[in-house]
Amino acid sequence: MVSAGRLFSKTPLFRWQWLPPKTAKPPLHRFAFSTVAAAAKKQVGTHNGSFHCDEALACFLLRLTTKFSGADVVRTRDLQVLESLDAVVDVGGVYDPSRDRYDHHQHGFGDVLGHGFATKLSSSGLVYKHYGMEIISKELHLDKGNPNVLRLFLALYKSFMEAIDAVDNGINQYDVDQPPRYVNNTSLSSRVGKLNLDWVDIDQSSEKENKAFHRAMELAGGEFLDTLNFYVKSWLPARSIVMECLAARENIDPSGEIIVLTKSCPFKYAVYFNHCNLEYLKLRGLIFKRWDALLWKLHIFELEEEMKISPSIKYVIYQDDRNRTWRIQAVTVSPDKFESRKPLPVLWRGLEFDKLSEVAGILGCVFVHMSGFIGGNQTYEGALAMARASLISQV
């Protein structure tokens, strides 16, 4: 599989061109990119002036498609110029995918991605809606009809694209009346916004503004491809591992409520958290002292429903890569909750080593967390015994 990074060069060659001046209007810059292989042919338009994450990413995404590969980017609000271009995003007041017009500011617009998502789309969301499957299928070297392409399309929207749509359309992340406890200016949308020219800069030329927009495209597009790369290389293989373990659950215990991860699914912290709200994950209990278990949590609930698993999984056993001991983790009631379906017994919680082994009546115990969501044993057999005892415990 080819890395997502091949689709985007961190140091692309770019060139500037002037469009012929029109009457008394100031000359229009054409912000153009080219590669060594071939010159740009088609033209993608967006507005000039202050820019946001959504149009920067929209332009980047269009240039990943076959149709607009290597296209020039034209930044203007001149409607006659925009009308002559091959695609237009975030300006023009028209949403018409048949003509590759992707604005979302017009009265009455309220399109969403579908598939259960209800967030109003921005220009990048519109481009993703129509071209996201193509971009992903090219990365996977699979036909767009392959089920993994749709899985990645939806996962990438949920973890990356939807936040950009929501921020650009002014949609609050939480339904609360109280003001936020802190200001967060580290999101991708915020970082793209900071690339706009400062009003105190002496040079406010179109050329400098276009260079800033180029950096915005590079930033937004680079993070999109990083996220896609994570989902292709880490998230999707983890899904296959979890599916195999779920299918073999009755070989572990006749109840079918315990699974064993046969392969570690370590958490790629640096990439994934670039696109998640850290405080939200902390509040929801998705952050632990160890990251190993998180990837399976991204899949287990969906796969339970898809595979029609009943009764539901209560415990997951996996080996700690650091010290080769074994962990037993209780599955939460839902992906965004901390409450476990069946936490480890109350009498075990907060105990360690010999004291825990004595109370549990199981050799090799290491610890059980105070909340009962996770515990450990020196051996696989001991961890499985802890899971089985917890399963029948009444407290």
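Among contacts between residues at least 6 apart in sequence, what percentage join residues at least 24 apart?

1. **Contacts and basis of the model.** The share is 64% for the protein, where a contact means heavy atoms within 4.5 Å. The model is predicted: local features need pLDDT of at least 70, side-chain atom pairs count only at pLDDT 80 or more, and totals for chains, interfaces and linings use all residues. Residues are numbered from 1 along each chain as its sequence is written, and side-chain values use heavy atoms, with hydrogens and water left out.

2. **Confidence.** Mean pLDDT (the predictor's confidence in each residue, from 0 to 100) is 82 for the protein, and 81% of the residues reach 70 or more. Residues 1-40 stay under 50, and the model has 89 contacts beyond four places in sequence for them. Residues 267-293 also have pLDDT below 50, with 53 contacts in the model beyond near neighbours in sequence.

3. **Overall composition.** The protein has 13 helices and 14 strands; these are DSSP runs numbered from the N terminus, helices being H or I of at least four residues and strands E of at least two. Of the 395 residues, 49% are buried, meaning under 20% relative accessible area (exposed is over 50%, partly exposed in between; 1.4 Å probe, protein chains only).

4. **Largest nonpolar core.** A nonpolar core is a set of buried Ala, Val, Leu, Ile, Met, Phe, Trp, Tyr and Cys residues joined through side-chain atoms within 4.5 Å. The largest has 54 residues, of which L61, Y128, I136 and F224 touch the most other members. Elements that each supply at least two residues of this core include α1 (53-64), α3 (123-140) and α4 (147-168). Helix α6 gives the most, with 14 residues. Not counting residues up to four places away in sequence, Y128 touches L61, M133, I136 and F224, among others. Another core, of 21 residues, lies apart from the largest and includes I258, L344, L356 and M386.

5. **Helix α6.** This helix covers residues 206-247, 42 in number, and reaches 59 Å from its first C-alpha to its last, close to the expected 62 Å; the expected span is 1.5 Å times one less than the number of residues. A kink of about 35° is centred on Y231, the bend being the angle between axes fitted to the seven residues ending there and the seven starting there.

6. **N196.** This residue lies in the loop between α5 and α6. N196 is buried because its relative accessible area is 18%. Its contacts, leaving aside neighbours within four places in sequence, are with G49, S50 and F51.
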